[in-house]
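Reader: I am new to this structure. Please take one part and walk me through it closely, then show me what lies around it.

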Amino acid sequence: MQLYPRAPEEWTGDVENTISDLCNRSGNSDSDTSEYFDQVAEESLNLLYQGDGQKLKGINTVLKLCRDARFLEDIIQNHQLMSAFARLFGESENLPTNISFALGKLFLAFSLVENFQQILSSHRVGAFALGVIGLELKRALHRRADPTLSSNDAMQPNGLVDLPTRYYSFSKKQEHVIFLCLSILDNLADDMAVLRKMIKKSLVSLLTPCLQQKSINSILVTLSLLKKASIFEETATELSTNTTCSVISELTHLLNNPHIKIVQEVTATLFNLSFHRDCANLISAEIDHSMLGALLQEPSICTHTLQLMYHLSSSDEDRQQLFESGIVPDLLDLFQHISSHQELGKGIAGLLVNVRMLASLLELLYRFVVV
(Lines give C-alpha, C1' and ligand atoms only; values in the text may rest on other atoms or scores of the structure.)
Protein backbone atom coordinates (compact mmCIF):
# COMPACT_ATOMS: atom_id res chain seq x y z
CA MET A 1 0.00 0.00 0.00
CA GLN A 2 1.70 3.18 -1.20
CA LEU A 3 1.29 6.52 0.59
CA TYR A 4 1.31 9.98 -0.97
CA PRO A 5 2.28 12.43 1.82
CA ARG A 6 1.64 15.71 0.00
CA ALA A 7 -0.39 17.77 2.45
CA PRO A 8 0.46 19.71 5.62
CA GLU A 9 0.30 17.51 8.69
CA GLU A 10 -2.14 19.83 10.44
CA TRP A 11 -4.70 19.15 7.68
CA THR A 12 -4.44 15.39 7.59
CA GLY A 13 -4.09 14.92 11.34
CA ASP A 14 -3.11 11.41 12.28
CA VAL A 15 -4.24 9.89 8.99
CA GLU A 16 -0.79 8.76 7.80
CA ASN A 17 -0.08 7.02 11.11
CA THR A 18 -3.42 5.27 11.06
CA ILE A 19 -2.88 4.20 7.46
CA SER A 20 0.29 2.42 8.59
CA ASP A 21 -1.75 0.68 11.27
CA LEU A 22 -4.31 -0.24 8.64
CA CYS A 23 -1.65 -2.09 6.64
CA ASN A 24 -1.15 -4.43 9.61
CA ARG A 25 -4.82 -4.69 10.47
CA SER A 26 -6.37 -8.13 10.84
CA GLY A 27 -9.31 -9.11 8.68
CA ASN A 28 -11.71 -9.55 11.63
CA SER A 29 -13.32 -6.48 13.17
CA ASP A 30 -14.68 -6.35 16.68
CA SER A 31 -18.48 -6.48 16.79
CA ASP A 32 -18.65 -3.55 19.19
CA THR A 33 -16.46 -1.48 16.87
CA SER A 34 -18.64 -2.40 13.92
CA GLU A 35 -21.81 -1.42 15.76
CA TYR A 36 -20.24 1.89 16.81
CA PHE A 37 -19.21 2.68 13.23
CA ASP A 38 -22.65 1.80 11.86
CA GLN A 39 -24.25 4.11 14.42
CA VAL A 40 -21.91 7.04 13.70
CA ALA A 41 -22.21 6.52 9.93
CA GLU A 42 -26.00 6.56 10.10
CA GLU A 43 -26.06 9.68 12.27
CA SER A 44 -23.59 11.46 10.00
CA LEU A 45 -25.53 10.47 6.90
CA ASN A 46 -28.71 11.94 8.35
CA LEU A 47 -26.90 15.21 9.17
CA LEU A 48 -25.75 15.54 5.55
CA TYR A 49 -29.35 16.09 4.45
CA GLN A 50 -30.02 18.91 6.93
CA GLY A 51 -28.85 22.54 7.22
CA ASP A 52 -25.32 23.75 6.48
CA GLY A 53 -24.30 23.67 10.14
CA GLN A 54 -25.50 20.09 10.50
CA LYS A 55 -23.83 19.07 7.25
CA LEU A 56 -20.50 20.38 8.54
CA LYS A 57 -21.01 18.55 11.83
CA GLY A 58 -21.61 15.27 9.99
CA ILE A 59 -18.48 15.69 7.86
CA ASN A 60 -16.31 16.56 10.86
CA THR A 61 -17.63 13.54 12.75
CA VAL A 62 -16.42 11.25 9.98
CA LEU A 63 -13.13 13.15 9.76
CA LYS A 64 -12.51 12.30 13.40
CA LEU A 65 -13.16 8.63 12.64
CA CYS A 66 -10.44 8.81 9.95
CA ARG A 67 -7.85 9.15 12.71
CA ASP A 68 -8.55 5.56 13.76
CA ALA A 69 -7.27 2.88 11.37
CA ARG A 70 -10.10 0.57 12.43
CA PHE A 71 -12.60 2.85 10.63
CA LEU A 72 -10.67 4.15 7.64
CA GLU A 73 -11.48 1.25 5.34
CA ASP A 74 -15.03 0.97 6.68
CA ILE A 75 -15.70 4.57 5.63
CA ILE A 76 -14.31 4.28 2.10
CA GLN A 77 -16.22 1.02 1.57
CA ASN A 78 -19.52 2.53 2.75
CA HIS A 79 -21.01 3.34 -0.64
CA GLN A 80 -24.01 5.25 0.70
CA LEU A 81 -21.87 7.51 2.89
CA MET A 82 -19.23 8.14 0.21
CA SER A 83 -21.93 8.86 -2.39
CA ALA A 84 -23.46 11.45 -0.08
CA PHE A 85 -20.09 13.13 0.46
CA ALA A 86 -19.40 13.15 -3.28
CA ARG A 87 -22.85 14.58 -4.00
CA LEU A 88 -22.19 17.44 -1.59
CA PHE A 89 -18.78 18.05 -3.13
CA GLY A 90 -20.46 18.37 -6.50
CA GLU A 91 -22.89 20.94 -5.11
CA SER A 92 -20.21 23.26 -3.71
CA GLU A 93 -21.59 26.23 -5.64
CA ASN A 94 -24.59 26.25 -3.31
CA LEU A 95 -22.64 25.60 -0.10
CA PRO A 96 -20.39 27.67 2.19
CA THR A 97 -16.65 27.41 1.54
CA ASN A 98 -16.03 25.79 4.94
CA ILE A 99 -18.07 22.75 3.85
CA SER A 100 -15.99 22.41 0.68
CA PHE A 101 -12.89 22.74 2.85
CA ALA A 102 -14.01 19.96 5.22
CA LEU A 103 -14.92 17.67 2.30
CA GLY A 104 -11.56 18.43 0.70
CA LYS A 105 -9.75 17.30 3.85
CA LEU A 106 -11.78 14.10 3.91
CA PHE A 107 -11.14 13.19 0.27
CA LEU A 108 -7.47 14.19 0.53
CA ALA A 109 -7.03 11.76 3.43
CA PHE A 110 -8.35 8.92 1.29
CA SER A 111 -6.38 9.97 -1.79
CA LEU A 112 -3.18 9.45 0.19
CA VAL A 113 -3.79 5.69 -0.05
CA GLU A 114 -3.18 4.17 -3.47
CA ASN A 115 -5.70 1.37 -2.89
CA PHE A 116 -8.49 3.89 -2.24
CA GLN A 117 -7.93 6.06 -5.31
CA GLN A 118 -9.98 3.90 -7.66
CA ILE A 119 -12.96 4.15 -5.29
CA LEU A 120 -12.62 7.95 -5.25
CA SER A 121 -12.56 7.97 -9.04
CA SER A 122 -15.71 5.85 -9.17
CA HIS A 123 -17.46 8.57 -7.12
CA ARG A 124 -16.14 11.24 -9.57
CA VAL A 125 -14.21 12.99 -6.81
CA GLY A 126 -11.59 14.19 -9.32
CA ALA A 127 -14.23 15.79 -11.56
CA PHE A 128 -15.89 17.44 -8.57
CA ALA A 129 -12.50 18.74 -7.35
CA LEU A 130 -11.99 20.37 -10.75
CA GLY A 131 -15.43 21.92 -10.38
CA VAL A 132 -14.62 23.35 -6.95
CA ILE A 133 -11.38 24.86 -8.28
CA GLY A 134 -13.28 26.43 -11.17
CA LEU A 135 -15.83 27.86 -8.73
CA GLU A 136 -13.18 29.38 -6.46
CA LEU A 137 -11.39 30.86 -9.48
CA LYS A 138 -14.60 32.60 -10.52
CA ARG A 139 -14.97 33.99 -7.00
CA ALA A 140 -11.34 35.16 -7.01
CA LEU A 141 -11.88 36.81 -10.38
CA HIS A 142 -14.90 38.71 -9.10
CA ARG A 143 -13.09 39.97 -5.99
CA ARG A 144 -9.90 40.92 -7.83
CA ALA A 145 -8.17 44.07 -6.82
CA ASP A 146 -7.12 46.86 -9.18
CA PRO A 147 -5.46 44.99 -12.10
CA THR A 148 -2.77 47.71 -12.38
CA LEU A 149 -0.54 47.14 -9.37
CA SER A 150 1.64 49.82 -7.92
CA SER A 151 5.35 49.22 -7.45
CA ASN A 152 4.74 48.74 -3.71
CA ASP A 153 2.58 45.69 -4.50
CA ALA A 154 5.14 44.00 -6.71
CA MET A 155 6.74 41.88 -3.99
CA GLN A 156 4.66 39.56 -1.84
CA PRO A 157 5.66 38.66 1.76
CA ASN A 158 6.52 35.11 0.68
CA GLY A 159 9.09 36.36 -1.82
CA LEU A 160 6.96 35.85 -4.91
CA VAL A 161 7.13 38.62 -7.48
CA ASP A 162 3.76 39.56 -8.95
CA LEU A 163 3.13 39.72 -12.65
CA PRO A 164 2.56 43.25 -13.98
CA THR A 165 -1.15 42.41 -14.10
CA ARG A 166 -2.93 40.07 -11.72
CA TYR A 167 -6.46 39.17 -12.65
CA TYR A 168 -7.24 37.01 -9.59
CA SER A 169 -7.42 38.03 -5.96
CA PHE A 170 -7.51 35.01 -3.63
CA SER A 171 -8.51 35.01 0.01
CA LYS A 172 -6.64 32.68 2.36
CA LYS A 173 -9.75 30.52 2.70
CA GLN A 174 -9.97 30.18 -1.08
CA GLU A 175 -6.30 29.25 -1.36
CA HIS A 176 -6.77 26.57 1.30
CA VAL A 177 -9.71 25.03 -0.54
CA ILE A 178 -7.91 25.17 -3.87
CA PHE A 179 -4.80 23.62 -2.34
CA LEU A 180 -6.80 20.69 -0.99
CA CYS A 181 -8.48 20.09 -4.35
CA LEU A 182 -5.20 20.37 -6.25
CA SER A 183 -3.58 17.91 -3.83
CA ILE A 184 -6.41 15.41 -4.39
CA LEU A 185 -5.95 15.75 -8.15
CA ASP A 186 -2.17 15.45 -7.84
CA ASN A 187 -2.54 12.15 -6.01
CA LEU A 188 -5.13 10.78 -8.44
CA ALA A 189 -3.03 11.95 -11.42
CA ASP A 190 -0.40 9.29 -10.70
CA ASP A 191 -2.76 7.08 -12.71
CA MET A 192 -2.03 8.12 -16.31
CA ALA A 193 -5.54 7.18 -17.48
CA VAL A 194 -7.05 9.44 -14.83
CA LEU A 195 -4.64 12.23 -15.72
CA ARG A 196 -5.66 12.06 -19.38
CA LYS A 197 -9.31 12.45 -18.35
CA MET A 198 -8.37 15.51 -16.30
CA ILE A 199 -6.58 17.05 -19.27
CA LYS A 200 -9.67 16.51 -21.43
CA LYS A 201 -11.67 18.36 -18.76
CA SER A 202 -9.49 21.48 -19.22
CA LEU A 203 -7.10 20.82 -16.34
CA VAL A 204 -4.34 22.99 -17.81
CA SER A 205 -6.53 26.06 -18.32
CA LEU A 206 -7.65 25.79 -14.67
CA LEU A 207 -4.07 25.48 -13.44
CA THR A 208 -2.91 28.69 -15.15
CA PRO A 209 -4.63 31.14 -12.76
CA CYS A 210 -3.68 28.90 -9.81
CA LEU A 211 -0.09 30.01 -10.40
CA GLN A 212 -1.15 33.49 -9.28
CA GLN A 213 -1.76 32.35 -5.70
CA LYS A 214 0.44 33.61 -2.88
CA SER A 215 0.81 30.28 -1.07
CA ILE A 216 4.06 28.45 -1.85
CA ASN A 217 2.38 25.08 -1.19
CA SER A 218 -0.42 25.88 -3.63
CA ILE A 219 2.02 26.92 -6.34
CA LEU A 220 4.12 23.79 -5.83
CA VAL A 221 1.17 21.41 -6.15
CA THR A 222 -0.02 23.36 -9.21
CA LEU A 223 3.42 22.94 -10.77
CA SER A 224 3.44 19.24 -9.89
CA LEU A 225 0.23 18.76 -11.87
CA LEU A 226 1.51 20.86 -14.76
CA LYS A 227 4.71 18.84 -14.91
CA LYS A 228 2.74 15.59 -15.08
CA ALA A 229 0.45 17.00 -17.77
CA SER A 230 3.39 18.37 -19.78
CA ILE A 231 4.49 14.89 -20.90
CA PHE A 232 1.42 14.59 -23.15
CA GLU A 233 1.45 15.98 -26.67
CA GLU A 234 -2.12 17.25 -26.34
CA THR A 235 -1.00 19.52 -23.48
CA ALA A 236 1.81 21.05 -25.56
CA THR A 237 -0.55 21.43 -28.51
CA GLU A 238 -3.12 23.22 -26.35
CA LEU A 239 -0.52 25.59 -24.92
CA SER A 240 0.90 26.43 -28.33
CA THR A 241 -2.45 27.06 -30.03
CA ASN A 242 -4.61 28.55 -27.26
CA THR A 243 -3.86 32.28 -27.31
CA THR A 244 -5.83 32.85 -24.09
CA CYS A 245 -3.72 30.39 -22.08
CA SER A 246 -0.67 32.08 -20.52
CA VAL A 247 0.95 29.07 -18.82
CA ILE A 248 4.31 29.46 -20.57
CA SER A 249 4.46 33.16 -19.72
CA GLU A 250 3.65 32.38 -16.07
CA LEU A 251 6.24 29.60 -15.94
CA THR A 252 9.08 31.68 -17.38
CA HIS A 253 8.19 34.43 -14.91
CA LEU A 254 8.59 31.94 -12.03
CA LEU A 255 12.21 31.23 -13.02
CA ASN A 256 13.01 34.42 -11.08
CA ASN A 257 11.49 32.95 -7.94
CA PRO A 258 13.77 32.72 -4.87
CA HIS A 259 12.36 29.31 -3.87
CA ILE A 260 14.59 26.68 -5.47
CA LYS A 261 11.93 23.95 -5.37
CA ILE A 262 9.62 26.11 -7.50
CA VAL A 263 12.42 26.78 -10.01
CA GLN A 264 13.18 23.03 -10.17
CA GLU A 265 9.56 22.21 -11.04
CA VAL A 266 9.34 25.03 -13.57
CA THR A 267 12.58 24.02 -15.33
CA ALA A 268 11.48 20.39 -15.60
CA THR A 269 8.07 21.41 -16.96
CA LEU A 270 9.54 23.79 -19.54
CA PHE A 271 11.95 21.07 -20.62
CA ASN A 272 9.06 18.63 -21.19
CA LEU A 273 7.13 21.23 -23.19
CA SER A 274 10.17 22.21 -25.25
CA PHE A 275 10.05 18.87 -27.10
CA HIS A 276 7.14 20.44 -28.99
CA ARG A 277 8.59 22.86 -31.56
CA ASP A 278 5.86 25.49 -31.24
CA CYS A 279 6.11 25.42 -27.45
CA ALA A 280 9.89 25.76 -27.68
CA ASN A 281 9.42 28.86 -29.83
CA LEU A 282 7.01 30.34 -27.27
CA ILE A 283 9.43 29.59 -24.43
CA SER A 284 12.30 31.17 -26.33
CA ALA A 285 10.21 34.28 -26.96
CA GLU A 286 9.21 34.61 -23.29
CA ILE A 287 12.35 33.56 -21.43
CA ASP A 288 15.18 35.82 -20.32
CA HIS A 289 18.17 34.02 -21.85
CA SER A 290 20.60 35.62 -19.40
CA MET A 291 18.64 33.91 -16.60
CA LEU A 292 19.65 30.51 -18.02
CA GLY A 293 23.29 31.20 -17.29
CA ALA A 294 22.42 31.92 -13.66
CA LEU A 295 20.43 28.69 -13.42
CA LEU A 296 23.50 26.71 -14.53
CA GLN A 297 25.10 27.66 -11.22
CA GLU A 298 22.50 25.68 -9.26
CA PRO A 299 23.49 21.96 -9.17
CA SER A 300 19.94 20.67 -8.63
CA ILE A 301 18.64 22.26 -11.86
CA CYS A 302 21.79 22.44 -13.97
CA THR A 303 21.07 19.32 -16.06
CA HIS A 304 17.50 20.28 -16.91
CA THR A 305 18.68 23.81 -17.73
CA LEU A 306 21.28 22.46 -20.17
CA GLN A 307 18.70 20.21 -21.80
CA LEU A 308 16.27 23.12 -22.09
CA MET A 309 19.01 25.29 -23.63
CA TYR A 310 19.70 22.52 -26.13
CA HIS A 311 16.06 22.57 -27.25
CA LEU A 312 16.11 26.39 -27.37
CA SER A 313 19.22 26.53 -29.57
CA SER A 314 17.87 24.89 -32.72
CA SER A 315 17.60 28.11 -34.75
CA ASP A 316 20.17 30.79 -35.62
CA GLU A 317 18.11 33.42 -33.85
CA ASP A 318 17.97 31.39 -30.63
CA ARG A 319 21.70 30.63 -30.78
CA GLN A 320 22.42 34.32 -31.25
CA GLN A 321 20.33 35.17 -28.19
CA LEU A 322 22.23 32.61 -26.11
CA PHE A 323 25.52 34.07 -27.31
CA GLU A 324 24.47 37.62 -26.49
CA SER A 325 23.30 36.58 -23.03
CA GLY A 326 26.93 35.84 -22.07
CA ILE A 327 26.61 32.15 -21.23
CA VAL A 328 30.07 31.13 -22.50
CA PRO A 329 31.87 31.50 -19.13
CA ASP A 330 29.11 29.48 -17.45
CA LEU A 331 29.41 26.71 -20.01
CA LEU A 332 33.16 26.56 -19.68
CA ASP A 333 32.88 26.39 -15.93
CA LEU A 334 30.84 23.21 -16.38
CA PHE A 335 33.52 21.43 -18.39
CA GLN A 336 35.52 20.58 -15.28
CA HIS A 337 32.55 18.68 -13.82
CA ILE A 338 31.70 16.58 -16.86
CA SER A 339 33.88 13.59 -15.95
CA SER A 340 32.07 13.09 -12.63
CA HIS A 341 28.55 13.71 -13.93
CA GLN A 342 27.44 11.65 -16.92
CA GLU A 343 24.07 13.39 -17.38
CA LEU A 344 25.77 16.76 -17.27
CA GLY A 345 28.09 15.64 -20.05
CA LYS A 346 25.16 14.56 -22.23
CA GLY A 347 23.40 17.86 -21.70
CA ILE A 348 26.35 20.05 -22.59
CA ALA A 349 27.28 17.83 -25.55
CA GLY A 350 23.85 18.27 -27.09
CA LEU A 351 24.03 22.03 -26.61
CA LEU A 352 27.47 22.22 -28.19
CA VAL A 353 26.24 20.31 -31.24
CA ASN A 354 23.82 23.16 -31.88
CA VAL A 355 25.99 26.14 -30.94
CA ARG A 356 28.83 24.96 -33.19
CA MET A 357 26.68 26.23 -36.05
CA LEU A 358 27.10 29.79 -34.77
CA ALA A 359 30.61 30.76 -35.77
CA SER A 360 30.98 33.65 -33.30
CA LEU A 361 29.95 31.49 -30.35
CA LEU A 362 32.14 28.57 -31.42
CA GLU A 363 35.14 30.86 -31.83
CA LEU A 364 34.64 32.32 -28.37
CA LEU A 365 34.36 28.85 -26.84
CA TYR A 366 37.56 27.80 -28.63
CA ARG A 367 39.48 30.82 -27.34
CA PHE A 368 38.40 30.10 -23.77
CA VAL A 369 39.42 26.46 -24.04
CA VAL A 370 42.82 27.32 -25.50
CA VAL A 371 43.49 29.86 -22.77
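Author: What follows is a close look at one helix, α9, and then at the parts around it.

This is a predicted model. Start with helix α9, residues 125–142. Two neighbours deserve attention: α10 and α6.

Take α10 first. The axes of α9 and α10 come within 9 Å and cross at roughly 150°. That angle makes the two helices roughly antiparallel, because angles over 145 degrees count as such. The crossing of α9 with α10 is left-handed. Many residues make this contact. From α9 they include Val 125, Gly 126, Ala 129, Leu 130, Val 132 and Ile 133. Glu 136, Leu 137, Arg 139 and Ala 140 of α9 also take part. On the α10 side, the contact is made by Gln 174, Val 177, Ile 178, Cys 181, Leu 182, Ile 184, Leu 185 and Leu 188.

Now α6. This helix packs against α9 at an angle of about 25°, with the axes 9 Å apart. α6 and α9 are therefore roughly parallel to each other. Their crossing is left-handed. Ala 86, Phe 89 and Gly 90 stand on the α6 side of the contact. Val 125, Phe 128, Ala 129 and Val 132 answer from α9. Val 125, Ala 129 and Val 132 are also among the α9 residues that touch α10.

Next, look at a charged pair inside α9. What do the side chains of Glu 136 and Arg 139 form? They meet in a salt bridge, 2.8 Å from N to O. Side chains of opposite charge can pair when their charged atoms come close. The two residues are 3 apart in α9, so about one helical turn separates them. Buried or exposed, where does Glu 136 stand? Glu 136 is at 0% relative accessibility, so it counts as buried. Arg 139 is at 26%, which means it counts as partly exposed.

Arg 139 has another partner to note. Leu 95 touches Arg 139, and also Asp 52, Lys 55 and Leu 88. Leu 95 lies in the loop between α6 and α7. At 10% relative accessibility, Leu 95 counts as buried. Lys 55 is 40 residues from Leu 95 along the chain. Yet the C-alpha atoms of Leu 95 and Lys 55 are separated by 9.9 Å.

Follow α10 onward. This helix covers residues 172–188 and holds Asp 186. Asp 186 forms a salt bridge with Lys 228, and the closest N and O atoms are 2.9 Å apart. Lys 228 sits in helix α13, residues 216–229. The pair links distant parts of the chain, 42 residues apart. Asp 186 and Lys 228 are both buried. Which residues form a network of salt bridges with Asp 186? Asp 190 and Lys 228 are linked with Asp 186 in that network.

Past α10 comes a loop. Asp 191 lies there, between α10 and α11. Asp 191 is at 33% relative accessibility, so it counts as partly exposed. Asp 191 and Glu 114 are 77 residues apart in sequence. In space, their C-alpha atoms are 9.7 Å apart.

Then α11, residues 192–200, which holds Arg 196. Arg 196 forms a salt bridge with Glu 234. Their closest N and O atoms are 2.5 Å apart. Glu 234 lies in helix α14, residues 233–241, so the pair ties together parts that are 38 residues apart in sequence. Glu 234 is partly exposed, at 33% relative accessibility. Arg 196 is partly exposed too, with a relative accessible area of 37%. A search of the whole structure finds 7 salt bridges.

Two other helices show how burial can be arranged. In α5, residues 69–77, the buried residues are Ala 69, Phe 71, Leu 72, Ile 75 and Ile 76. Seen down the axis of α5, they fall within an arc of 150°, so they line one face of the helix.

Helix α20 covers residues 316–324. Asp 318, Arg 319 and Leu 322 are buried there. These residues cover an arc of only 100° around the axis, which puts them on the same side of α20. Asp 316, Glu 317 and Glu 324 are exposed on the other side of α20. Just after α20, Gly 326 takes a positive phi of about 75°.

Technical notes: Residues numbered from 1 in each chain as written. Predicted model: local features only at pLDDT ≥ 70, side-chain atom pairs only at ≥ 80, totals over all residues. Heavy atoms only, no water. Buried < 20%, exposed > 50% of the residue type's maximum accessible area, 1.4 Å probe, protein only. Helix = DSSP H or I, 4+ residues; strand = E, 2+ residues; numbered from the N terminus. Arc of directions from axis to C-beta. Salt bridge = Lys/Arg side-chain N within 4 Å of Asp/Glu carboxyl O. Contact = heavy atoms within 4.5 Å. Axes fitted to C-alpha atoms, helices over the stretch in contact; angles between N-to-C directions. Parallel < 35°, antiparallel > 145°, perpendicular 65-115°, else oblique. Left-handed = near helix turned anticlockwise from the far one by under 90°. Lists of a residue's contacts leave out its neighbours within four places in sequence.
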